[in-house]
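Welcome, and thanks for taking a look at this one with me. Please have the sequence and the model open side by side as you read the briefing below.

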Amino acid sequence: MIASQRGLCVICLKAPAVQVDHCHETGKVRGVLCFNCNSAIGKLGDDPDALRRAIAYLGGNSWKPILVAPGVYQLPS
Ligand SMILES: [Zn+2]
């Protein structure tokens, strides 16, 4: 798997692939990452929606929750 990734982390494409990343729900191996990237996605809860919000945030568009009912927030479209 590391050879198929040319030895590099598949997220940052810079650091050596050293940590086997797996889905915590299915146990399936997703790829081999560097320490920082594996730690980063773990700290965001392996949550694709949180990662999308992080991307938007880095682009200058932070998510502003819209309260539509008590305790209910509307996601941006
Ligand atoms: Zn990386």
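In which helix is the place of Ala40? Ala40 sits in helix α1, and that helix gets most of the attention here. Please keep in mind that this is a predicted model. The chain has 77 residues, of which 17% are buried, and its secondary structure comes to 2 helices and 4 strands.

**Overall picture**

- Following the sequence from start to end, you meet the elements in the pattern β-β-α-α-β-β.
- The radius of gyration of the chain is 16 Å, whereas a compact globule of 77 residues would have a value near 11 Å.
- Along the principal axes, the C-alpha atoms fill a box of roughly 50 × 30 × 20 Å.
- Among the contacts in the chain with a separation of 6 or more, 18% are between residues 24 or more positions apart.

**Surface and charge**

- The accessible surface of the chain is about 6000 Å², and carbon and sulfur atoms account for 61% of that surface.
- On the charge side, the chain carries 8 positive and 5 negative side chains.
- The centres of these two sets of charges are 9 Å apart.

**Helix α1 and its two sides**

- Helix α1 spans residues 35-43, and its buried residues are Cys37, Asn38 and Ile41.
- These buried residues line one face of the helix, because they fall within an arc of 100° when you look down the axis of α1.
- The general background is that an α-helix has 3.6 residues a turn, so residues three or four places apart point the same way.
- Phe35, Asn36 and Lys43 are exposed on the other side of α1.
- What do the buried residues of α1 pack against? Their partners are the strands β1 (19-22) and β2 (29-33), together with helix α2 (48-58).
- Ala40, also in α1, is partly exposed, with a relative accessible area of 40%.
- If you would like a distance for orientation, the C-alpha atoms of Ala40 and Cys9 are 13 Å apart, while the two residues are 31 positions apart in sequence.

**A closer look at Ile41**

- Ile41 belongs to helix α1.
- Is Ile41 buried or exposed? With a relative accessible area of 14%, Ile41 is buried, because the cut-off for that class is under 20%.
- Leaving aside residues up to four places away in sequence, Ile41 touches Ile11, Asp21, Arg30, Leu33, Asp46 and Leu51.
- One of these partners, Leu51, is 10 residues from Ile41 in sequence, and their C-alpha atoms are 7.7 Å apart.

**Ala54 in helix α2**

- Ala54 is a residue of helix α2.
- The relative accessibility of Ala54 is 25%, so Ala54 counts as partly exposed.
- Ala54 and Leu44 are separated by 10 residues in sequence and by 9.1 Å in space, C-alpha to C-alpha.

**Positive phi angles to check in your backbone plots**

- Gly45 follows α1 and has a positive phi, near 70°.
- Asp46, found in the loop between α1 and α2, has a phi near 50°, which is a positive value in a residue other than glycine.
- Asp46 is partly exposed at 25% relative accessibility, and this residue is also one of those that Ile41 touches.
- Where does Leu13 lie? Leu13 is in the segment before β1.
- Leu13 is not a glycine, yet its phi is positive, about 60°.
- Leu13 is exposed, with a relative accessible area of 59%.

Definitions and conventions:
Residues are numbered from 1 along each chain as its sequence is written. This is a predicted model: local features need pLDDT of at least 70, side-chain atom pairs count only at pLDDT 80 or more; totals for chains, interfaces and linings use all residues. Side-chain values use heavy atoms; hydrogens and water are left out. The radius of gyration is taken over C-alpha atoms; the globule rule is 2.2 Å times the number of residues to the power 0.38. Buried means under 20% relative accessible area, exposed over 50%, partly exposed in between (1.4 Å probe, protein chains only). Contact means heavy atoms within 4.5 Å. Accessible areas come from the Shrake-Rupley method with a 1.4 Å probe; for residues, only the protein chains shown count as cover. Lys and Arg count as positive and Asp and Glu as negative; His and the chain ends are not counted. The place of a charge is taken as NZ of Lys, CZ of Arg, CG of Asp or CD of Glu. The arc is that of the directions from the helix axis to the C-beta atoms.
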